[in-house]
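Here is a short tour for a reader new to this structure. Look at the views below, then read on.

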Amino acid sequence: MTLTPSTITLNSGAVLPRIGLGTWPLTGADAERAVASGIEVGYRHLDTAAAYGNEKAVGAAVNRSGVARSEMFVTSKIQGKDEDSRDVRGGLERSLTELDLEYLDLYLIHWPRPRLGRYVETFTAMLDLVDEGLIRSVGVSNFKPAHLERLISETGQVPAVNQIQLNTTLARLQTRECHARHGIVTGAWSPLGSDGTLLREPIVVALAEKYGRTPAQIALRWHVQQDIVAVPRSVDPKRQAQNLDVFGFALEPAEIDELTGLDRGEAAAHDADLEERT
Ligand SMILES: NC(=O)c1ccc[n+]([C@@H]2O[C@H](COP(=O)([O-])OP(=O)(O)OC[C@H]3O[C@@H](n4cnc5c(N)ncnc54)[C@H](OP(=O)(O)O)[C@@H]3O)[C@@H](O)[C@H]2O)c1
């Protein structure tokens, strides 16, 4: 059985847990409760964003947890309005104030927004904030290969992570091939498919029965076994723990391929619309 380590090393040298806790669309007390129980059951990687409006709650749970800051990996994302006003520093400082943290482990450009055409400038400004110690690693989200190629060729720098909508029904093979070529770690949002449909797919259910696991664990094992970092969201401490517990079994290579066979192609992605409106 091929065991997968529970962390992966980014091109910055930072070490990222392969399973993190998603926090969108939780806010306020719900978000704080979910993050607190997530930390309690063992999560050390949290995924938030300025646009989620929950950084205050996420930070409060981190700061009240008693877990050393150096043990936690906190990701946030710059929102469009800070790019619009060319205020990358202000955006980061507002996130750090909300979170009540001194630095972010990973700061992502939330969307490429190609019509604005400012992601190269934003990325460069974020790199300056790494030099100041306010960010440990810089990455992107929802970037397509063309956006990545432009970013890399114009800055000479490679983002540590590209977090994209990715699961067995949206396998993103071309984007992952681009990541592999450049040494970018693939991050997956909606790794469980968000609405539960994926967890009812017959092949997912059959593999869950075979391995004595849950459908969510099969879906997440497909990610971690292919070096994809996933940020499943759950408010339920039992499901949170279940989603973290995917390192003690391994799928056969043919089973990984069968799950990839659920891919419905890029047309199933939401980003074609979202890219324009965010
Ligand atoms: N970068 C971006 O643009 C972007 C966009 C969207 C999302 N994200 C990030 O990605 C995270 C995850 O995506 P998501 O929240 O859309 O969807 P998801 O994690 O794929 O699915 C969440 C849903 O699955 C349920 N669930 C969780 N664990 C389960 C289990 N073990 N068994 C059965 N059901 C389970 C949850 O319900 P319960 O809570 O009741 O367990 C919830 O309804 C977000 O929270 C956010 O942090 C990033």
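## The second largest pocket

This is a predicted model. Start with the second largest pocket, whose volume is about 210 Å³. Its lining is made up of 14 residues. Nearest the centre of this pocket lie Q165, N167, T169, G193 and R264.

What classes of residue make up the lining of the second largest pocket? Polar residues number 8. Another 3 are nonpolar, and 3 are charged.

## The cavity

Rolling a probe the size of a water molecule over the atoms shows where empty space is left. In this structure, 1 cavity reaches 30 Å³ or more. The largest cavity has a volume of about 70 Å³.

Which strands each supply at least two residues of its lining? They are β4 (45–47), β6, β8 (161–165) and β9 (185–189). The lining includes H45, D47, L106, L108, V161, Q163, G187 and A188. L16, T75, V229 and V231 also line the largest cavity. By class, the lining divides into 7 nonpolar, 4 polar and 1 charged.

## Around the ligand

Now turn to the ligand. It is surrounded by 27 residues. D47, Q163, S234, R239 and Q242 are the closest. D47 and Q163 are also found in the lining of the largest cavity. Helix α10 (residues 237–244) gives the largest share of the shell around the ligand, with 3 residues. The shell divides into 11 nonpolar, 12 polar and 4 charged residues.

Oxygen atoms of the ligand take part in several polar contacts. A backbone N or O atom of W24 sits 2.8 Å from an oxygen atom of the ligand. For H110, a polar side-chain atom lies 3.3 Å from an oxygen atom of the ligand. P191 offers a polar backbone atom, 3.3 Å from an oxygen atom of the ligand. How much of the ligand's accessible area does the protein cover? On its own the ligand has 910 Å² of accessible area, and the protein covers 86% of that.

## Backbone features

W24 appears again here. A cis peptide bond joins W24 to P25, with omega about 5°. P25 is in the loop between β3 (21–22) and α1 (28–41).

D100 also has a backbone feature to look at. Its phi is positive, about 55°, although D100 is not a glycine. The loop that holds D100 runs between α4 (88–99) and β6 (104–109). Strand β6 is one of those that supply at least two residues to the lining of the largest cavity.

## Aromatic pairs

A pair of aromatic rings is described by the distance of the centres and the angle of the planes. The whole structure yields 2 aromatic pairs. One of them is formed by Y119 and F143, in an edge-to-face arrangement. Their centres are 5.0 Å apart, and there is 65° between the planes.

What does this pair tie together? Y119 belongs to helix α5 (residues 119–131), and F143 to the loop between β7 (135–141) and α6 (145–155), so the pair links parts that are 24 residues apart in sequence.

Terms used:
Residues are numbered from 1 along each chain as its sequence is written. This is a predicted model: local features need pLDDT of at least 70, side-chain atom pairs count only at pLDDT 80 or more; totals for chains, interfaces and linings use all residues. Side-chain values use heavy atoms; hydrogens and water are left out. A residue is near a molecule or strand if one of its heavy atoms lies within 4 Å of it. A polar contact is a pair of N or O atoms within 3.5 Å; within protein, one must be able to donate a hydrogen and the other to accept it, and residues adjacent in sequence count only if both atoms are side-chain atoms. Accessible areas come from the Shrake-Rupley method with a 1.4 Å probe; for residues, only the protein chains shown count as cover. Helices (H or I, at least four residues) and strands (E, at least two) are DSSP runs, numbered from the N terminus. Ala, Val, Leu, Ile, Met, Phe, Trp, Tyr, Cys and Pro count as nonpolar, Asp, Glu, Lys and Arg as charged, and the others, Gly among them, as polar. On a 1 Å grid over the protein atoms alone, a cavity is a set of points where a 1.4 Å probe fits but cannot get out, and a pocket is an open set with protein on both sides within 12 Å along at least five of seven lines; lining residues have an atom within 4 Å of a point. Grid points are joined across faces, edges and corners, and a volume is the space filled by probe spheres set on the points. Rings of Phe, Tyr and Trp (its six-membered ring) pair if their centres lie within 6.5 Å; planes under 30 degrees apart count as stacked, over 60 as edge-to-face and the rest as tilted.
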